[in-house]
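Work through the exercises below with the sequence and the model open. Each task is followed by a solution in steps.

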Amino acid sequence: MTTDIMTPPRAARVPMTRERRFFLVLALSMVAVNVLGFSVQFAFGRSSFHAPALVHAHALLFMGWVGFFAVQTTLGARGSLALHRRLGWVGAGWAIAMVVVGTVTTVVMVREGRAPFFFTPGYFLPMNVLGVVSFALLLAAAIRLRRRRDWHPRLVLSAMAGIMGPAVGRLLPMPLLVPWSGQAVMAAILLFPLTGAIRDRRRDGRVHPAWWWGMIVIVVTQLAATWLPPTRAGLALYSAVVAGSPGERIAPVAYPAPPPAP
């Protein structure tokens, strides 16, 4: 038998463990919900290509993250950790851009009086901003613990769940859920880290702390967005944001009128 010494050795293939397969399935189910939510919106004519440039930038950035998330979780599940880690720094910069663009887009919508009618404007403002900030914080913790293979994927999945409100909200009958629309969305996105927690409990007899931290951050974000609007600080924040804009004429803690039927 002869060996071609010019042929480089093939890289050892890392087998996919059951845990990695579970993380991949959970991640891809989250990707599917995001794609489905926005596809349904477009199919029913509630979204169009005539939106302002900022909205397009926001959509490309956030949906691009969904694709990036799918690639990263697939690489991690298959054991391609070197490439996964290199791309992780791209994800860190991406998350910073999401915080900036997400915050700016929310402020512009509130200033123009275009908050969804099933949320009060005073709630919509902190809900979106705090949601994207909490996502970035969980992702930063995941990057900090990137060599802890028990913590890292759980924190990343929890971070992703935290920004799935817009996609989930497009699949729920939001007008029928007023005044519990925000709480309904929170309950829906908590199903993803909760699924991981239940799986850990059944396999290991305990829930990994990363799931608890992820769920706590999501719940605290929701509670803060609910508590803040009617307070003096919340009203002052809203007034400062909408000063000199059409949003100034809209009451922060009242539900806007629904759009006219087509």
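Helices and strands here are DSSP runs, with at least four residues for a helix and at least two for a strand, and they are numbered from the N terminus. The model is a predicted one.

**Exercise 1. Overall make-up**

Task: State how many helices and strands the chain has, and what share of its residues count as buried.

Solution.
Step 1. Counting the elements gives ten helices and zero strands.
Step 2. Read from the N terminus, the order is therefore α-α-α-α-α-α-α-α-α-α.
Step 3. The chain has 262 residues, and 41% of them count as buried. The cut-off for buried is under 20% relative accessible area.

**Exercise 2. A salt-bridge network**

Task: Find the salt bridges of Glu-19 and Asp-200 and say which parts of the chain they tie together.

Solution.
Step 1. A search of the whole structure gives eight salt bridges. The test is a side-chain nitrogen of Lys or Arg within 4 Å of a carboxyl oxygen of Asp or Glu.
Step 2. Glu-19 pairs with Arg-199, and their closest N and O atoms are 3.6 Å apart. Glu-19 belongs to helix α1 (residues 18-43) and Arg-199 to helix α8 (residues 181-204), so this bridge ties together parts 180 residues apart in sequence.
Step 3. Asp-200 pairs with Arg-154, with closest N and O atoms 3.0 Å apart. Because Asp-200 is in helix α8 and Arg-154 in helix α5, the pair ties together parts that are 46 residues apart in sequence.
Step 4. Asp-200 also meets Arg-199 in a salt bridge, at 3.8 Å from N to O.
Step 5. Check the burial of these partners. Arg-199 has 16% relative accessibility and counts as buried. Asp-200, at 1%, counts as buried, and so does Arg-154 at 2%.
Step 6. Through shared partners, salt bridges join Glu-19, Arg-154, Arg-199, Asp-200, Arg-203 and Asp-204 into one network.

**Exercise 3. Two surface patches**

Task: Name the residues of the positive patch and of the nonpolar patch, then place one residue of each.

Solution.
Step 1. The patch of positive charge on the surface gathers Arg-85, Arg-144, Arg-146, Arg-147 and Arg-149.
Step 2. Arg-149 sits in the loop between α4 (121-144) and α5 (152-162). Its relative accessible area is 49%, so Arg-149 is partly exposed.
Step 3. Trp-212, Trp-213, Ile-216 and Val-220 make a nonpolar surface patch of about 440 Å².
Step 4. Ile-216 is part of helix α9 (residues 209-227). With a relative accessible area of 43%, Ile-216 is partly exposed.
Step 5. Both residues clear the patch cut-off, which is over 30% relative accessible area.

**Exercise 4. Residues apart in sequence**

Task: For Gly-91, Val-100 and Ile-250, give the place, the accessibility and one C-alpha distance.

Solution.
Step 1. Gly-91 is in helix α3 (residues 81-111). Its relative accessibility is 2%, so Gly-91 counts as buried. The C-alpha atom of Gly-91 is 8.5 Å from that of Phe-69, and the two residues are 22 residues apart along the chain.
Step 2. Val-100 is also in helix α3. Val-100 is partly exposed, at a relative accessible area of 47%. From C-alpha to C-alpha, Val-100 and His-58 are 9.8 Å apart, with a separation of 42 residues in sequence.
Step 3. Ile-250 lies in the segment after α10 (232-242). Ile-250 is partly exposed, with a relative accessible area of 26%. Ile-250 and Val-110 are 140 residues apart along the chain, and 9.3 Å separates their C-alpha atoms.

**Exercise 5. Two local details**

Task: Which backbone atom does the side chain of Thr-73 reach, and where is the peptide bond from Val-178 to Pro-179 found, cis or trans?

Solution.
Step 1. Thr-73 is in helix α2 (residues 53-78). At 15% relative accessibility, Thr-73 counts as buried.
Step 2. The Thr-73 side chain reaches the backbone oxygen of Ala-70, at 3.1 Å.
Step 3. Most peptide bonds are trans. The bond from Val-178 to Pro-179 is cis, with omega near 10°.
Step 4. Pro-179 is in the loop between α7 (174-177) and α8.

Definitions and conventions: Residues numbered from 1 in each chain as written. Predicted model: local features only at pLDDT ≥ 70, side-chain atom pairs only at ≥ 80, totals over all residues. Heavy atoms only, no water. Patch = residues over 30% accessible without salt bridge, like charges linked within 9 Å, V, L, I, M, F, W, Y side chains within 5 Å. Areas by Shrake-Rupley, 256 points an atom, 1.4 Å probe, with all protein chains shown as cover. Lys, Arg positive; Asp, Glu negative; His and termini not counted. Charge placed at Lys NZ, Arg CZ, Asp CG, Glu CD. Buried < 20%, exposed > 50% of the residue type's maximum accessible area, 1.4 Å probe, protein only. Polar contact = N/O pair within 3.5 Å; in protein donor to acceptor, adjacent residues only side chain to side chain.
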